[in-house]
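These are my notes on the model, set out as numbered points. Please read them with the structure open.

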Amino acid sequence: MTFTISDTVYGTDSADAKNAMYNDLRPQLQGLVHGESDLIANTANFSSLVFNSMPGLNWAGFYFLKGDELVLGPFQGKPACIRIKKGRGVCGTTVVEGKSIVVPDVHAFPGHIACDVNSRSELVVPVRGPDGAIVGVFDLDSPLPNRFDQTDADGIESLVKVLEATL
């Protein structure tokens, strides 16, 4: 299988620009994971694609649910917190609530865990296994306040669905 990774510079100044970016990233991700079922390989490539394609990020990666805590998985960016209890921070809250969370200002989120003091906004999307249960989360951080919105949540959710199809 061959795949092409775009070197397009994407905009984030409008919903249309963001939707165009996600519409372009989806087939790239599909090419990367086509025929591959290894979770580490697929999440490593997923993190790299998103981190190197989306403007305004300082971290992109996965945490996987092990018992009552999330454990760090493949990521791009500075070193990160290794374990996060369910219900703590944005990632742990996403697991408990079972839905994506957009945080325009991490300083205003009660219990935010600051792995990187430069992060100002965050988006966390749950990852579900074949039975629909949450197996982890995909976490995006940005040094820009208000970097993420519902368009981003919808777009990242569509990318996570591509990944979930490989689980």
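1. Asparagine 146 sits in the loop between E6 and H4. In this predicted model, its phi is near 60°, a positive value in a residue other than glycine. Most residues other than glycine have a negative phi, so this backbone setting deserves a look. Asparagine 146 counts as exposed because its relative accessible area is 56%, and the cut-off for that class is over 50%.

2. The loop between E6 and H4 also holds aspartate 149, which is paired with lysine 18 in helix H1, 131 residues apart. The closest N and O atoms of this salt bridge are 3.0 Å apart. Are the two partners buried or exposed? Aspartate 149 is partly exposed, with 30% relative accessibility, whereas lysine 18 is buried at 4%.

3. Arginine 147 and aspartate 152 form a salt bridge through their side chains, at 3.5 Å from N to O. Aspartate 152 is buried, at 0% relative accessibility, and arginine 147 is buried as well, with a relative accessible area of 5%. Both belong to a network of salt bridges that links Lys18, Arg147, Asp149 and Asp152.

4. The structure has 5 salt bridges. One of them joins arginine 83 and glutamate 69, with the closest N and O atoms 2.6 Å apart. Arginine 83 is in strand E3 and glutamate 69 in strand E2, 14 residues apart. Arginine 83 is exposed, with a relative accessible area of 51%; glutamate 69 is buried at 15%.

5. Which residues touch the most other members of the largest nonpolar core? Of its 27 residues, they are Phe46, Val50, Met54, Phe138, Leu140, Ile156 and Leu159. Two or more residues each come from helix H1 (15-33), helix H2 (39-53), strand E1 (59-66), strand E5 (121-128), strand E6 (134-142) and helix H4 (150-164). A second core, separate from this one, has 15 residues, including Ile84, Cys91, Val95 and Val137.

6. Methionine 54 has both nonpolar and charged residues around it: beyond four places in sequence, it touches Met21, Tyr22, Leu25, Leu140, Arg147, Asp152 and Ile156. Arg147 and Asp152 are also in the salt-bridge network.

7. Helix H3 (residues 89-97) is mostly covered, with 7 of its 9 residues buried. These are Gly89, Val90, Cys91, Gly92, Thr93, Thr94 and Val95. Their cover includes E1, strand E2 (69-77), strand E3 (83-85), strand E4 (101-103), E5 and E6. Glycine 98 follows H3 and has a positive phi, near 70°.

8. Serine 142 is in strand E6 and is buried, at 0% relative accessibility. A polar atom of its side chain lies 2.5 Å from the backbone oxygen of glycine 56. Neighbours within four places in sequence aside, serine 142 contacts Gly56, Leu57, Asn58, Asn118, Ser119, Arg120, Ser121, Arg147 and Phe148.

9. Glutamine 28, in helix H1, is buried with a relative accessible area of 5%. Its C-alpha atom is 7.7 Å from that of serine 6, 22 residues apart along the chain.

10. On the surface, Leu39, Val135 and Leu167 make up a nonpolar patch with about 190 Å² of accessible area together. Leucine 167 lies in the segment after H4 and is partly exposed, at 35% relative accessibility.

Note on methods:
Residues are numbered from 1 along each chain as its sequence is written. This is a predicted model: local features need pLDDT of at least 70, side-chain atom pairs count only at pLDDT 80 or more; totals for chains, interfaces and linings use all residues. Side-chain values use heavy atoms; hydrogens and water are left out. A nonpolar core is a set of buried Ala, Val, Leu, Ile, Met, Phe, Trp, Tyr and Cys residues joined through side-chain atoms within 4.5 Å. Buried means under 20% relative accessible area, exposed over 50%, partly exposed in between (1.4 Å probe, protein chains only). Helices (H or I, at least four residues) and strands (E, at least two) are DSSP runs, numbered from the N terminus. Contact means heavy atoms within 4.5 Å. A polar contact is a pair of N or O atoms within 3.5 Å; within protein, one must be able to donate a hydrogen and the other to accept it, and residues adjacent in sequence count only if both atoms are side-chain atoms. Patches are made of residues with over 30% relative accessible area and no salt bridge: like charges are joined within 9 Å, nonpolar side chains (Val, Leu, Ile, Met, Phe, Trp, Tyr) within 5 Å. Accessible areas come from the Shrake-Rupley method with a 1.4 Å probe; for residues, only the protein chains shown count as cover. A salt bridge is a side-chain nitrogen of Lys or Arg within 4 Å of a carboxyl oxygen of Asp or Glu.
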